[in-house]
Structures are given as C-alpha cells and as structure tokens.
Amino acid sequence: MKKHKIEVMIPREDIKRKVRELGELIEKDIKDSDNEVICVGLLKGSAIFMADLVQRIDHPVKMDFMSVSSYGSSMETSGVVKIIKDVDEDVEGKDIVIIEDIIDSGLTLNYVKKFLLSKGAASVKICTLLDKPYRRKAEVFVDYVGFEIPNEFVVGYGIDYAEFYRNLPYIGKVTLLD
Ligand SMILES: O=P(O)(O)OC[C@H]1O[C@H](OP(=O)(O)OP(=O)(O)O)[C@H](O)[C@@H]1O
Ligand SMILES: Nc1nc2[nH]cnc2c(=O)[nH]1
C-alpha cells in the first residue's frame, strides 16, 4: 500500500441520521406491496451499511447477497463486471432493493440491475450510501442516495483501500503522500 493519510469526510453521526432517513423512505415505498421484498447487498462494501439499514425498515424483508467484481487494481475500475456469487433466493416476482455502498462509474449497478430483472424480479430499486456522479460510464437510475460526494477516493463504513479500513465508523478521504 502506498503512503497515505485519511481525513474524515462524513462523520459517524451524519451516517447514522442518513441511514435512519433512507430506511424510512424504503419502508414507505415497500409497505403496501403484495410481493416479497428482498434486500440484496453487494459484497463486501455494503455489508455494514446493509446491516444498519435493514434494522431501520419496519417491514419483513429477506436479506441476500451478491458478490461481483469490477475493480482491477486497488483504486481503478477494470470496466468488466463479473459475478462471483449469485443470490441464493429465487428473485422471480419479488421486489428487490439493491443495497450498495458507493456508485462511481455505474458499471456495477447497471449490470446487476439488468441481471436481476433478467431473472424475473418484479421490480429492482437501488439504494446507495454514496454517489460519485462525475465519472459515470453507464446510465443508472438510483432510487435512494445517502450522500453525493466529490470525486475523491474514500474508505470506511464497509469501503476499503486494499481491503483495509472497512471497519472505520466514518467515511474518510484518502490522500496519497509522496
Ligand atoms: O460504480 P462502479 O464504478 O462500478 O463502482 C462501485 C463498486 O466498486 C466497489 O466495489 P469493489 O469492486 O471495490 O468491491 P468491494 O465491495 O468488495 O470493496 C463498490 O463497493 C461498488 O460495488
Ligand atoms: N474503496 C473505494 N472504492 C471505490 N469504488 C468507486 N469509488 C470508490 C472509492 O472512492 N473507494
């Protein structure tokens, strides 16, 4: 890992408040649906966000996980999305809420949404904690966004730098030092 420093970008309390708000929004949208609702977290980045968020949804939902890879090196996307682990649940006729930590190029979510719809999901919505809208390469509609952030490399609250820092309780900005 290159020499670097980390500064707080979004403190723990702000994340907490936002997760509560997102949970309420999702709950409002799903509570009248007759379909089963499955929250699908994308590993590993969404794990901590997902764990906190589902507890803020006062409605019975299932939890499932997918693992996809699109990142070549530790800080740049390879542009190729590959499914490493599919959902365990049958998604046909279900309402899906994809839970993601961050959207950047949009390639991952664009691919996963199409994939779940092709398996017969009744609806697929997307909830991301962080949105970096400046480097989109693929068009994707995001239903629930926590924070729009500048084009910086971030870590914490599930998000890694070379697999470290997922355990930080805040979102931090990484600056490489020389
Ligand atoms: O919008 P995109 O440019 O596609 O990038 C976003 C994706 O990249 C990161 O995942 P990563 O592949 O690093 O895996 P991880 O969740 O295991 O850290 C992040 O968690 C998103 O899933
Ligand atoms: N760890 C990490 N992964 C990303 N994927 C897209 N943007 C980011 C980021 O800022 N940090």
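**Exercise 1. The surroundings of ligand 1**

Which strand gives the most to the shell around ligand 1, and with how many residues? Work this out for the predicted model shown above.

*Solution.* Begin with the residues themselves: there are 18 around ligand 1, and those that come nearest are K44, G45, D104, S105 and T108. Next, turn to the elements that each supply at least two residues of this shell, which are β2 (37-43), β3 (62-71), β5 (95-103) and α3 (107-118). The strand that gives the most is β5, with four residues. Finally, sort the shell by class, which yields six nonpolar, seven polar and five charged residues.

One of the nearest residues, K44, deserves a further step. K44 lies in the loop between β2 and α2, and the peptide bond that leads from L43 to K44 is cis, with omega near -5°. As background, most peptide bonds are trans.

**Exercise 2. The surroundings of ligand 2**

List the residues around ligand 2, and then say how the shell divides by class.

*Solution.* The residues around ligand 2 are I102, D104, K132, F153, V154, V155, I159, D160 and Y161. Sorted by class, this shell has six nonpolar and three charged residues, and no polar ones.

**Exercise 3. The two faces of helix α1**

Which residues of α1 are buried, and which are exposed on the other side?

*Solution.* First check the length of the helix: at 1.5 Å a residue, the 19 residues of α1 (residues 12-30) should span 27 Å, and the end C-alpha atoms are 27 Å apart, which agrees. The buried residues of α1 are I15, V19, L22, G23 and I26. They lie on the same side of α1, because the arc that they cover around the axis is only 105°. The general pattern helps here: an α-helix has 3.6 residues a turn, so residues three or four places apart point the same way. The other side of α1 carries the exposed residues E13, R17, E21 and K28. As a last step, look for what covers the buried residues of α1, which includes β1, α2 (47-54), β5, β6 (123-131), β7 (144-148) and β9.

**Exercise 4. A sheet of three strands**

In what order do the strands of the open sheet that holds β1, β8 and β9 follow one another?

*Solution.* The order is β1-β9-β8, and the pairing is antiparallel. The edge strands, each of which pairs on one side only, are β1 (4-10) and β8 (154-155). Now take one pair in detail: β1 and β9 (residues 171-176) are joined in the antiparallel sense over six bridges, and H4 stands opposite L176 in β9.

**Exercise 5. Two tyrosines in a loop**

Is Y157 buried or exposed, and how many other C-beta atoms lie within 10 Å of Y165?

*Solution.* Start from the location: Y157 lies in the loop between β8 and β9, and Y165 also lies in the loop between β8 and β9. A residue counts as buried when 20 or more other C-beta atoms lie within 10 Å of its own. Y157 has 27 such atoms and is therefore buried, whereas Y165 has 17 and is partly exposed. Then consider the backbone: although Y157 is not a glycine, its phi is positive, at about 50°, and Y165, likewise not a glycine, has a positive phi of about 75°. For background, most residues other than glycine have a negative phi.

Terms used: Residues are numbered from 1 along each chain as its sequence is written. Chains are lettered from A and ligands numbered from 1 in the order in which they are written. This is a predicted model: local features need pLDDT of at least 70, side-chain atom pairs count only at pLDDT 80 or more; totals for chains, interfaces and linings use all residues. A residue is near a molecule or strand if its C-beta atom, placed from the backbone, lies within 6 Å of it. Ala, Val, Leu, Ile, Met, Phe, Trp, Tyr, Cys and Pro count as nonpolar, Asp, Glu, Lys and Arg as charged, and the others, Gly among them, as polar. Two strands pair if DSSP finds at least two bridges between them. The expected span of a helix is 1.5 Å times one less than its number of residues. A residue is buried if 20 or more other C-beta atoms lie within 10 Å of its own, exposed if 12 or fewer, and partly exposed in between; C-beta atoms are placed from the backbone. The arc is that of the directions from the helix axis to the C-beta atoms. Two residues are in contact if their C-beta atoms, placed from the backbone, lie within 7 Å.
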